[in-house]
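Take a look at the fold below before reading on. The paragraphs that follow start at the ligand and then work outward through the chain.

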Amino acid sequence: MRISDPKLIEAIVALGVEHKPGVSLASKTSLEIGGTSDILLVHKHEALPELVRLLKQAGVPNRFLGGGSNVLLPDGELPWVILQLSRQNPEVRFEGNSVFVDCAANLGQTVTMCAKHDLGGMEGLIGVPGSIGGALRMNAGAYGTQIGTYVREVQVYRAATGRIETLRGAEINFEYRHTSFASDDIMLAVRLELPSKPYSDILQGIRICNVKRRASQPLNQKSAGCIFKNPPGASAGRMIDELGLKGHSVGDARVSDRHANFFVNAGHASAADMLALIADVRRRVRDRYGVELEEEVIVWKEQ
Ligand SMILES: Cc1cc2nc3c(=O)[nH]c(=O)nc-3n(C[C@H](O)[C@H](O)[C@H](O)COP(=O)(O)OP(=O)(O)OC[C@H]3O[C@@H](n4cnc5c(N)ncnc54)[C@H](O)[C@@H]3O)c2cc1C
């Protein structure tokens with residue numbers, strides 16, 4: 001969506017928010033799929049309440065994008081403007097076993113910085129791409145670790161109240177790739193509390209996770225990680241693999257040869273290709289196993 005009203009643009013820029021017109025969103029997502037839209041880059045969290053108020057008043061719908069590693073965006077002109085937190089020097093501050101992190105910060109870099117302060121626990125998350133905010137929204141997890149375990153406080157912009165509020169970790173439900181944040185909450189900063197651990201032990205844990213990930217995932221290809229959640233007691237990847245669907249494709253959207261729950265953009269796949277592949281695989285799994293797979297990737301649709 002393009003913001004065409006110069007007065008609205010002027011008011012947005014006056015808040016210190018950067019207006020980037022007509023950006024290709026494919027360049028902002030790990031799948032490299034997505035049409036175009038204006039991006040509003042928020043440099044100061046305090047600007048968000050007034051920014052969202054202005055957009056609402058002008059009838060401009062918006063969506064929030066983190067690192068773009070778990071989303072499938074539509075083709076063509078998007079029906080929303082995109083909000084993003086600026087990633088220039090996001091704050092990461094240490095106080096004892098607590099670390100205060102801006103949600104724009106990169107998850108992997110944060111894990112490494114914590115390690116250098118002898119704070120461990122998050123080794124399993126080292127290879128998960130994207131931002132701290134995206135990790136909170138998704139309750140990112142791998143190799144027996146999930147970020148939610150370490151969350152003590154989250155600063156959130158709540159669309160429901162129009163204010164920035166602080167939630168205690170205990171007030172938030174963190175489940176398997178699901179959290180109790182409202183769909184229009186925007187997470188701004190978090191306090192994590194991590195166990196003390198010697199740097200060398202953390203580094204060893206990180207190395208082990210990196211080796212496992214490299215051995216099983218198509219890391220040099222464009223993907224959004226796992227497309228489907230694992231149903232209780234089963235593995236989506238194993239079912240897809242057993243159906244002989246590795247390499248199965250629709251256009252340039254393809255089931256990875258390496259990991260059957262990773263669907264890759266093998267060239268110039270469109271959102272339509274990827275959605276058709278997702279629907280086809282889901283139907284085959286339902287027909288064979290009677291299981292309805294739920295997407296882990298967040299598909300942006302008009303409601
Ligand atoms: C190669 C690869 C491997 C992966 N491996 C794993 C894995 O092992 N485990 C795992 O859990 N995931 C994995 N993923 C998926 C993905 O990296 C995670 O879900 C990640 O936490 C998403 O973060 P992001 O910043 O990229 O979020 P985005 O993709 O930008 O957004 C995802 C959703 O979160 C919302 N969101 C993002 N930031 C905020 C915010 N600050 N406030 C409110 N909402 C927000 C967005 O609106 C969107 O709905 C993998 C992805 C890839 C490409």
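Start with the ligand in this predicted model. The ligand is surrounded by 31 residues. Gly66, Gly130, Gly133, Gly134 and Gly225 are the closest of them. Which element gives the largest share of this shell? That is α4, with five residues. Helix α4 covers residues 132-138. Two strands, β8 (141-142) and β14 (186-193), also supply at least two residues each. In chemical class, the shell holds 15 nonpolar residues, 14 polar ones and two charged ones.

Just after α4 comes a loop worth a stop. Asn139 sits in the loop that links α4 to β8. Its phi is positive, about 45 degrees, although Asn139 is not a glycine. Is Asn139 buried or exposed? Asn139 has 21 other C-beta atoms within 10 Å, so it counts as buried. The cut-off for burial is 20 or more.

Arg177 also has a positive phi, and it is not a glycine either. Here the angle is about 50 degrees. Arg177 belongs to the loop between β12 (174-175) and β13 (178-179). Arg177 counts as buried because it has 20 C-beta neighbours inside 10 Å.

Now step back to the whole chain. The protein contains seven helices and 18 strands. Its radius of gyration is 20 Å, and the globule rule gives 19 Å for 303 residues, so the protein is as compact as a globular protein of that length. The C-alpha trace spans about 55 × 50 × 30 Å along its principal axes. Of the 303 residues, 39% count as buried. Contacts reach far along the sequence, too. Among those with a separation of 6 or more, 65% join residues 24 or more positions apart.

The chain is divided into three domains. Domain 1 runs over 6-85, domain 2 over 92-215 and domain 3 over 218-299. Between domain 2 and domain 3, the C-alpha centres are 27 Å apart.

Next, look at a small sheet. Its three strands follow the order β15-β16-β17, the sheet is open, and the pairing is antiparallel. Strands β15 (249-250) and β17 (263-265) stand at the edges. Each has a single partner strand, so one side of each is left without a neighbour in the sheet. Strands in a sheet are paired by hydrogen bonds of the backbone, in a parallel or an antiparallel way. How many bridges join β16 to β17? There are three, and the two strands run antiparallel. Strand β16 covers residues 253-255. Across this pairing, Arg254 stands opposite Val264 in β17.

Follow the chain on from β17. Ser270 lies in the loop between β17 and α7 (271-289). Why does Ser270 count as buried? Ser270 has 20 C-beta neighbours inside 10 Å, so it is classed as buried. Which residues does Ser270 contact, leaving aside neighbours within four places in sequence? They are Ile33, Asp75 and Gly251. Leu293 follows 23 residues along the chain from Ser270, and the C-alpha atoms of the two are separated by 22 Å.

Key. Residues numbered from 1 in each chain as written. Predicted model: local features only at pLDDT ≥ 70, side-chain atom pairs only at ≥ 80, totals over all residues. Near = placed C-beta within 6 Å. Helix = DSSP H or I, 4+ residues; strand = E, 2+ residues; numbered from the N terminus. Nonpolar A, V, L, I, M, F, W, Y, C, P; charged D, E, K, R; others polar. Pairing = 2+ DSSP bridges. Domains from an automatic or database assignment. Buried ≥ 20, exposed ≤ 12 C-beta atoms within 10 Å, placed from the backbone. Contact = placed C-beta atoms within 7 Å. Rg over C-alpha atoms; globule rule 2.2 N^0.38 Å.
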